[in-house]
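Dear colleague,

I am passing on the structure below, and I would be grateful if you could keep it open while you read the notes that follow.

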Amino acid sequence: MSNWTPHNFGHGGLGRWLAARGSLSARLAASGDVFSVQVLRQGRLPLTVDEAQALGVTQGRCGYVREVQLKVDGVSVVFARSVTAHAHSLGAWRSVRGLGARPLADVLFRRSGITRLPLQFRQFKPNTALPRQVQQVCPGAPRCLPARRSVFLRQQAPLLVMEVFLAPEASWGGPVARWQSIAQKVKP
């Protein structure tokens, strides 16, 4: 059962970041001196039941998956997972395969014919699969992880993008360029 909701539970600065409709990568890039994307893994991988349902994948549960960390000034601040049906990664979403260390936003917000469905929100609790996975690649991330996701459509092919906010809640408010002050708490 999915715990995603259309209700943004974030408050203050975190709530504004969660609700932002444009490119999260562009917003992060503007908040510091150096923005980078670290690809953790990509390729044909199993989808979660929740992802398969969101994509309408009924047979098999493999799709094309891309997982990255978005970093500002060397600090990992967002874990992102993008998934689509494998067949769509060879068609409408084939450009996702060649991104390398470029942000997915280069495709989503710079090409025509792409529609974004409404944002959904979730708070991942400690000791569930995603926080355990994130802790392996980003030790020091908060135990409860706020996240958002949305489906992008291109030629009626869905691409599900989930963004998990790794930095402590306090770092998302006030002056946006506060990443260096949390570098000791959240290690890249």
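The helices (H or I, at least four residues) and the strands (E, at least two) that I mention are DSSP runs, numbered from the N terminus. In that numbering, F124 lies in strand 5. Please bear in mind that this is a predicted model, in which local features need pLDDT of at least 70 and side-chain atom pairs count only at pLDDT 80 or more, while totals for chains, interfaces and linings use all residues. Residues are numbered from 1 along each chain as its sequence is written, and side-chain values use heavy atoms, with hydrogens and water left out.

To stay with F124 for a moment, this residue counts as buried at 7% relative accessibility, where buried means under 20% relative accessible area, exposed means over 50%, and partly exposed lies in between (1.4 Å probe, protein chains only). If residues up to four places away in sequence are not counted, F124 touches W4, L130, P131, R143, C144, L145, A147 and M162, a contact being heavy atoms within 4.5 Å. One of these, C144, is 20 residues from F124 along the chain, and the C-alpha atoms of the two are separated by 5.6 Å.

Strand 5 (120–124) also helps to cover the buried residues of helix 1, together with, among others, helix 2 (24–30), strand 6 (145–154) and strand 7 (157–165). Those buried residues of helix 1 (residues 12–19) are G13, L14, G15, W17 and L18.

Turning to the strands earlier in the chain, strand 1 (residues 35–46) and strand 2 run antiparallel and are joined by 11 bridges, and two strands are said to pair if DSSP finds at least two bridges between them. Strand 2 also pairs with strand 3 in the antiparallel sense, over 10 bridges, and there the bridge partner of L70 is V78 in strand 3. The hairpin of strand 2 and strand 3 has two residues between the strands, and in this hairpin D73 takes a positive phi near 50 degrees. Because 10 of its 11 residues are buried, strand 2 is largely enclosed by the rest of the structure.

Which residue of strand 2 is the bridge partner of R41? The partner is E67, and E67 also forms a salt bridge with R81, the closest N and O atoms being 2.5 Å apart. This pair links distant parts of the chain, since E67 is in strand 2 (residues 62–72) and R81 in strand 3 (residues 75–85), 14 residues apart. A salt bridge here is a side-chain nitrogen of Lys or Arg within 4 Å of a carboxyl oxygen of Asp or Glu. E67 counts as buried at 2% relative accessibility, and R81 is buried as well, with a relative accessible area of 8%. Both belong to a network of salt bridges that links R41, E51, E67 and R81.

A search of the whole structure finds seven salt bridges, and two others are worth a look. D106, which is buried with a relative accessible area of 18%, forms a salt bridge with R102, the closest N and O atoms being 3.3 Å apart. D106 also forms one with R110, where the closest N and O atoms are 3.3 Å apart. R102 counts as partly exposed at 39% relative accessibility, whereas R110 counts as exposed at 66%.

With kind regards
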